[in-house]
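User: I'd like to learn how to read a structure like this one, feature by feature. Can you walk me through it, starting with a single residue and its neighbours?

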Amino acid sequence: MEIIQFFNYVKVFHILSVISWMAALFYLPRLFVYHSENFENENFVEVVKIQERKLFNGIATPAMVMSILSGITMIFLQPELFKTGMWIHIKLLFVILLLVFHFSCLYYLKKFMRDIRVASGRFFRFYNEIPTILLVVIVVCVVLRF
């Protein structure tokens, strides 16, 4: 198999991994909204805790790992990507910010698991928009390659 053909298979895997990761990062903060706004409803909170934990550990984190590994593989296969413009550098900066967001979700998840409400539903409604903004910049960089 040629390098370019292998690269394309890795790219497909990368795109699918990123889609899974982003789906989880879009939904997890929404669960935080519900958790925060229904903090006194113990039965509801117990169900949301299970959803949050399974979403983070079962989907978000594995998809993040696969996204990072496939991204690194693509860079390894085509290091000349770094010579194609600033887009790759900006994209990687925003991927790092997405990683920061991912691990900030872990912070909030751990607080909620210990029955500590650290922020309001209103805060999490704003927080829920962060991965969308980051994704828009990343997609613009990849498609427009400026």
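Analyst: Sure. Start with Leu-98: leaving out residues up to four places away in sequence, it touches Trp-21, Met-22, Leu-25, Pro-131, Leu-134 and Ile-138. Keep in mind that this is a predicted model.

User: Which residues have the most contacts inside the largest nonpolar core?

Analyst: Leu-98 is one of them, along with Leu-25, Leu-28, Phe-32, Cys-105, Phe-124 and Tyr-127. That core has 27 residues, and α1, α2, α3, α4 and α5 each supply at least two of them.

User: Let's zoom out. How many helices and strands does the protein have?

Analyst: Five helices and zero strands, so to read the order from the N terminus you just get α-α-α-α-α. The C-alpha trace spans about 55 × 30 × 20 Å along its principal axes. Of the 146 residues, 36% count as buried. The protein exposes about 8600 Å², with carbon and sulfur atoms supplying 70% of that area.

User: Among contacts between residues at least 6 apart in sequence, what share join residues at least 24 apart?

Analyst: That share is 80%. Leu-98 gives you a feel for such contacts, with Trp-21 and Ile-138 among the residues it touches.

User: Now a helix. How do I read which way its residues point?

Analyst: The general idea is that an α-helix has 3.6 residues a turn, so residues three or four places apart point the same way. Take α5, residues 130-144: its buried residues are Pro-131, Leu-134, Ile-138 and Cys-141. Seen down the axis of α5, these buried residues fall within an arc of 95 degrees, so they line one face of the helix. On the other side, Ile-133, Val-143 and Leu-144 are exposed.

User: What do the buried residues of α5 pack against?

Analyst: They pack against α1, α3 (87-113) and α4 (121-127). Leu-98 shows part of this, since Pro-131, Leu-134 and Ile-138 are among the residues it touches.

User: And how far does α5 reach from its first C-alpha to its last?

Analyst: It has 15 residues and reaches 21 Å, close to the 21 Å expected at 1.5 Å a residue.

User: Next, aromatic rings. How do I describe a pair?

Analyst: You give the distance of the centres and the angle of the planes. Counting rings whose centres lie within 6.5 Å, the count comes to twelve aromatic pairs. In one of them, the rings of Phe-32 and Phe-112 have centres 5.4 Å apart and planes at 45 degrees, so the pair is tilted. Phe-32 lies in helix α1 and Phe-112 in helix α3, so the pair ties together parts that are 80 residues apart in sequence.

User: Are Phe-32 and Phe-112 buried or exposed?

Analyst: Both are buried. They also belong to one aromatic cluster, together with Phe-101, Tyr-107, Tyr-108, Phe-123, Phe-124 and Tyr-127.

User: What about backbone angles? Which signs of phi should catch my eye?

Analyst: Most residues other than glycine have a negative phi, and most peptide bonds are trans. Asp-115, which is not a glycine, has a positive phi of about 60 degrees. Asp-115 sits in the loop between α3 and α4 and is partly exposed, with a relative accessible area of 45%. Arg-145 also has a positive phi, near 45 degrees. You'll find Arg-145 in the segment after α5, partly exposed at a relative accessible area of 41%.

User: Back to Asp-115. Where is Phe-39, which touches it?

Analyst: Phe-39 lies in the loop between α1 (3-37) and α2 (42-77). Leaving out residues up to four places away in sequence, Phe-39 touches Val-45, Phe-112, Asp-115, Ile-116 and Arg-117. For contrast, the C-alpha atoms of Phe-39 and Val-136, 97 residues apart along the chain, are separated by 32 Å.

User: Last one: is Lys-49 buried or exposed?

Analyst: At 9% relative accessibility, Lys-49 counts as buried; the cut-off for that is under 20%. Lys-49 is placed in helix α2. With residues up to four places away in sequence left out, Lys-49 touches His-35, Phe-112, Met-113 and Asp-115.

Terms used. Residues are numbered from 1 along each chain as its sequence is written. This is a predicted model: local features need pLDDT of at least 70, side-chain atom pairs count only at pLDDT 80 or more; totals for chains, interfaces and linings use all residues. Side-chain values use heavy atoms; hydrogens and water are left out. Helices (H or I, at least four residues) and strands (E, at least two) are DSSP runs, numbered from the N terminus. Contact means heavy atoms within 4.5 Å. The expected span of a helix is 1.5 Å times one less than its number of residues. Buried means under 20% relative accessible area, exposed over 50%, partly exposed in between (1.4 Å probe, protein chains only). The arc is that of the directions from the helix axis to the C-beta atoms. Rings of Phe, Tyr and Trp (its six-membered ring) pair if their centres lie within 6.5 Å; planes under 30 degrees apart count as stacked, over 60 as edge-to-face and the rest as tilted. Accessible areas come from the Shrake-Rupley method with a 1.4 Å probe; for residues, only the protein chains shown count as cover. A nonpolar core is a set of buried Ala, Val, Leu, Ile, Met, Phe, Trp, Tyr and Cys residues joined through side-chain atoms within 4.5 Å.
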